[in-house]
Amino acid sequence: MSKKAKVDPRIKRTNKYLRDALVELLKEKDVTSITIQEITEKAELTRGTFYLHYQDKQDFLMQSMNEVLEELIEKVKPKQNNEDSSEVEGKNESVSFLKLFEFIYDHADYFKVMLSDRGLPQFRSHMTEIVKKRVYGELISSIGEAEDGLDIPKDILISYITSAHIGVICSWLESDMKFSPAFMAGKLTSLTLLGPIRVAGLENKIKLPY
């Protein structure tokens, strides 16, 4: 997804109305059964307005998804400053992860339906790639540099980390976000760096399944 030119505020407003309408409809039915007529009626806009911005429903769905994920990328992108580069890299992971949860919290209705069975199938995979590249970019680079000393293949490790986190995000949304973004970011950072058994305090309290 490439960076786009600045969008007219009126267009952004129209897009938001349509996107909000889609979210409300997705709470009731699958994306494949939602019509343009239903979206425009829910948004209180005309079909003519819809076609000024989108070619068809699929174009609307993809553009809406890309707009939200572009906003997410901008939110989690590390800010450049004059600090020592090693210090900046150490902070970027935790800061980006907190920003990820804060953004999802602010757009909870959208992420909840889009990550559910009713949303776009592509959304989950697109978001997984963003978490992998934008939130854990430095961590994954470090894994790559240490690949020769790994006990398991790098691809399996990266897949485990990113898939686990998307699963936790889904569970958090389904629980109506009973924990704060800061709490979630802190706990998942610990789980990533130290492992679930150790963080839960179960190292000497459970029997391993082998």
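**Figure 1. Secondary structure of the chain, which comes to 11 helices and zero strands.** In this predicted model, the elements read along the sequence follow the pattern α-α-α-α-α-α-α-α-α-α-α. Buried residues make up 34% of the 210 residues in the chain, and the accessible surface comes to about 12900 Å², of which 52% belongs to carbon and sulfur atoms. Among the contacts in the chain with a separation of 6 or more, 64% are accounted for by residues that stand 24 or more positions apart.

**Figure 2. Close-up of the packing of helix α4 against helix α7.** Two packed helices are described by the angle between their axes and the distance between the axes. For helix α4 (residues 57-76) and helix α7 (residues 121-135), the axes come within 11 Å and cross at roughly 20°. Angles under 35 degrees count as roughly parallel, and the crossing therefore makes α4 roughly parallel to α7. The handedness of this crossing of α4 and α7 is right-handed. On the α4 side the residues that meet α7 are Q58, M62, M65, N66, L69, L72, I73 and V76, and on the α7 side their counterparts are Q122, F123, H126, M127, I130, R134 and V135.

**Figure 3. Close-up of the packing of helix α9 against helix α10.** The axes of α9 and α10 lie 12 Å apart, and the two helices pack at an angle of about 155°. Because angles over 145 degrees count as roughly antiparallel, this angle makes α9 roughly antiparallel to α10. The crossing in which α9 passes α10 is right-handed. From α9, the residues I161, H165, V168 and W172 take part in the meeting, while α10 contributes P181, M184, L188 and T192.

**Figure 4. Close-up of the salt bridge between K27 and D109.** Side chains of opposite charge can pair when their charged atoms come close. The structure holds seven salt bridges, and in the one between K27 and D109 the closest N and O atoms are 3.4 Å apart. K27 lies in the loop between α1 (9-26) and α2 (36-43), whereas D109 lies in helix α6 (residues 108-114), so the pair ties together parts that are 82 residues apart in sequence. Both ends of the bridge are partly exposed, K27 with a relative accessible area of 38% and D109 at 42% relative accessibility. Salt bridges that share partners join E24, K27 and D109 into one network, and the view is therefore best read with E24 included alongside the K27 and D109 pair.

**Figure 5. Close-up of the salt bridge between K29 and E38.** In this pair the closest N and O atoms are 2.7 Å apart. K29 counts as partly exposed at 24% relative accessibility, and E38 is likewise partly exposed, with a relative accessible area of 25%.

**Figure 6. Close-up of the salt bridge in which the side chains of D176 and K112 meet.** The distance from N to O in this bridge is 3.1 Å. D176 is in the loop between α9 (154-174) and α10 (181-194) and K112 is in helix α6, and the pair links these distant parts of the chain, 64 residues apart. D176 is exposed, with a relative accessible area of 56%, whereas K112 counts as partly exposed at 34% relative accessibility.

**Figure 7. Close-up of S64 in helix α4.** With a relative accessible area of 1%, S64 is buried. When its neighbours within four places in sequence are left aside, S64 is in contact with R19, Y54 and Y110.

**Figure 8. Close-up of D20 in helix α1.** At 34% relative accessibility, D20 counts as partly exposed. D20 and I39 stand 19 residues apart along the chain, and their C-alpha atoms are separated by 9.1 Å.

Conventions:
Residues are numbered from 1 along each chain as its sequence is written. This is a predicted model: local features need pLDDT of at least 70, side-chain atom pairs count only at pLDDT 80 or more; totals for chains, interfaces and linings use all residues. Side-chain values use heavy atoms; hydrogens and water are left out. A salt bridge is a side-chain nitrogen of Lys or Arg within 4 Å of a carboxyl oxygen of Asp or Glu. Helices (H or I, at least four residues) and strands (E, at least two) are DSSP runs, numbered from the N terminus. Buried means under 20% relative accessible area, exposed over 50%, partly exposed in between (1.4 Å probe, protein chains only). Contact means heavy atoms within 4.5 Å. Accessible areas come from the Shrake-Rupley method with a 1.4 Å probe; for residues, only the protein chains shown count as cover. Axes are lines fitted to C-alpha atoms, for helices over the stretch in contact, and angles run from 0 to 180 degrees between N-to-C directions. Angles under 35 degrees count as roughly parallel, over 145 as roughly antiparallel, 65 to 115 as roughly perpendicular and the rest as oblique. A crossing is left-handed if the near helix is turned anticlockwise from the far one by less than a right angle, and right-handed if clockwise.
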